[in-house]
Amino acid sequence: MTAILGISAFYHDSAAALVVDGDIVAAAQEERFTRKKHDFNFPQNAVDYCLREAGLTPGDLDYVGFYDKPLTKFERLLETYWRSYRPAIARSARLCRSG
């Protein structure tokens, strides 16, 4: 038996999924348990649910995968920063040019 737990977290809609011998056994989003829309925290409740559904313990897992695309995440951070601070950056740039 090969058991693989997949985790997505720390951006939004954190979740966990469990695949055993190539079949999806369980999957859940953390917000279903916490009732926080787009919960981005580590999906502990979703992980617990997946393991419970399969009757497994963390020691039974063969692999744990974490989903992240660093460049995509970096782009989102830059976009958020730009939208949030653009007026201040523009003012600062004008002050530097006029000085």
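**Aromatic pairs, a sheet and a salt bridge**

Let me begin with one residue, phenylalanine 33, which is partly exposed, with a relative accessible area of 35%. I should say at once that what we are looking at is a predicted model.

Phenylalanine 33 does not stand alone, because its ring and that of tyrosine 49 form an aromatic pair, with 5.9 Å from centre to centre and 45° between the planes, and the pair counts as tilted since that angle is neither under 30 degrees nor over 60. Phenylalanine 33 belongs to helix H1, residues 31–34, while tyrosine 49 belongs to helix H2, residues 44–54, so the pair ties together parts that are 16 residues apart in sequence. Tyrosine 49, at 25% relative accessibility, also counts as partly exposed.

How many aromatic pairs does a search of the whole structure find? The search finds 2. The other one joins phenylalanine 10 and phenylalanine 66, whose ring centres are 6.1 Å apart and whose planes are at 45°, so this pair is tilted. Here the link is between distant parts of the chain, since phenylalanine 10 sits in the loop between strand E1 (3–8) and strand E2 (15–20), whereas phenylalanine 66 is in strand E4, residues 63–67, and the two are 56 residues apart. Phenylalanine 10 is partly exposed at 45% relative accessibility, and phenylalanine 66 is partly exposed with a relative accessible area of 47%.

That brings me to the strands themselves. There are 4 strands in an open sheet, in the order E3-E2-E1-E4, and their pairing is mixed. Strand E3 (23–29) and E4 are the edge strands, each of them pairing on one side only, and from one strand to the next the twist averages 15°. Between E1 and E4 the pairing is parallel, over 5 bridges, and leucine 5 stands opposite valine 64 in E4. Helix H2, the helix that holds tyrosine 49, lies across E1, E2 and E3 and runs at about 150° to E3.

Finally, let me turn to charged side chains. The structure holds 1 salt bridge, formed by arginine 32 and glutamate 31, whose closest N and O atoms are 3.9 Å apart. Are these two partners buried or exposed? Arginine 32 counts as exposed, because its relative accessibility is 51%, whereas glutamate 31 counts as buried, because its relative accessibility is 9%.

Methods. Residues are numbered from 1 along each chain as its sequence is written. This is a predicted model: local features need pLDDT of at least 70, side-chain atom pairs count only at pLDDT 80 or more; totals for chains, interfaces and linings use all residues. Side-chain values use heavy atoms; hydrogens and water are left out. Rings of Phe, Tyr and Trp (its six-membered ring) pair if their centres lie within 6.5 Å; planes under 30 degrees apart count as stacked, over 60 as edge-to-face and the rest as tilted. Buried means under 20% relative accessible area, exposed over 50%, partly exposed in between (1.4 Å probe, protein chains only). Two strands pair if DSSP finds at least two bridges between them. Axes are lines fitted to C-alpha atoms, for helices over the stretch in contact, and angles run from 0 to 180 degrees between N-to-C directions. Contact means heavy atoms within 4.5 Å. A salt bridge is a side-chain nitrogen of Lys or Arg within 4 Å of a carboxyl oxygen of Asp or Glu.
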